[in-house]
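Let's take a friendly walk through a protein fold, one piece at a time. Have a look at the structure below, and then we will start with its strands.

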Amino acid sequence: MKPNKTMGLIGLATKAGKTAGGEFLTEREVKSGRATLVIVAEDASENTKKKFQNMCEYYKVPIRFYGDKDTLGHAMGKQFRASLAVLDEGLAKGIRKHMDTEEN
């Protein structure tokens, strides 16, 4: 996957301390009400996808399935990440906008 605006914004959010990566931290941020967007890698296990889909539905947090674990991790400056939570509404809005444009 070539570098794009979405990955750039995820990197920016991470540098600003506005993301939580990994399943445990993502779950904690969703349940605490701080998550404004959850991104789950498309190659995450079906169990992981279903868990976050149900959790985000319950807590009314937008969720997107995007990229793969390697790409998400790389955008955050880490190794692999199956999921991440964006904690800033403005950044989350920008990331969603770019994801929607890339899909079309």
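## The sheet

Strands E2 and E4 run antiparallel and are joined by four bridges. One example to find is valine 38, whose bridge partner in E4 is alanine 85. Keep in mind that you are looking at a predicted model.

Now widen the view. The strands form an open sheet of four, in the order E1-E4-E2-E3, and the pairing is mixed. Strand E1 (19-21) and E3 lie at the edges, where each pairs on one side only. From one strand to the next, the twist averages 20°.

## Helix H3 and its two faces

Does the length of helix H3 agree with what we should expect, and why? H3 has 14 residues (46-59), so at 1.5 Å a residue it should span 20 Å, and its end C-alpha atoms are indeed 20 Å apart. Right after H3 comes lysine 60, which has a positive phi, near 55°.

Which residues of H3 are buried? They are Thr48, Lys49, Phe52, Met55 and Cys56. These residues cover an arc of only 140° around the axis, which means that they sit on the same side of H3. They pack against helix H2 (23-32) and against three strands: E2 (37-40), E3 (63-65) and E4 (83-86). On the face turned away from this buried side you will find the exposed residues Glu46, Asn47, Lys50, Glu57 and Tyr58.

## Two nonpolar cores

In soluble globular proteins, nonpolar side chains tend to be buried together. Here the largest nonpolar core has 17 residues, and those with the most contacts inside it are Ile10, Ile39, Leu72, Leu84, Val86 and Ile95. At least two residues of this core come from each of helix H1 (5-15), E2, helix H4 (69-75), E4 and helix H5 (89-103). There is also a second, separate core of 13 residues, which includes Val40, Ala44, Met55 and Val61.

Leucine 72 is a good residue to click on. Beyond its neighbours within four places in sequence, leucine 72 is in contact with a list of residues that includes Met7, Ile10, Ile39, Tyr66 and Leu84.

## A loop residue with distant partners

Leucine 87 lies in the loop between E4 and H5. Its relative accessibility is 25%, so leucine 87 counts as partly exposed.

Which residue lies 68 residues away along the chain from leucine 87, with the C-alpha atoms 5.6 Å apart? That residue is threonine 19. Threonine 19 is also among the contacts of leucine 87, together with Lys18, Glu29, Arg34, Ala35 and Thr36, when neighbours within four places in sequence are left aside.

How values were computed. Residues are numbered from 1 along each chain as its sequence is written. This is a predicted model: local features need pLDDT of at least 70, side-chain atom pairs count only at pLDDT 80 or more; totals for chains, interfaces and linings use all residues. Side-chain values use heavy atoms; hydrogens and water are left out. The expected span of a helix is 1.5 Å times one less than its number of residues. Buried means under 20% relative accessible area, exposed over 50%, partly exposed in between (1.4 Å probe, protein chains only). The arc is that of the directions from the helix axis to the C-beta atoms. Contact means heavy atoms within 4.5 Å. Two strands pair if DSSP finds at least two bridges between them. Axes are lines fitted to C-alpha atoms, for helices over the stretch in contact, and angles run from 0 to 180 degrees between N-to-C directions. A nonpolar core is a set of buried Ala, Val, Leu, Ile, Met, Phe, Trp, Tyr and Cys residues joined through side-chain atoms within 4.5 Å.
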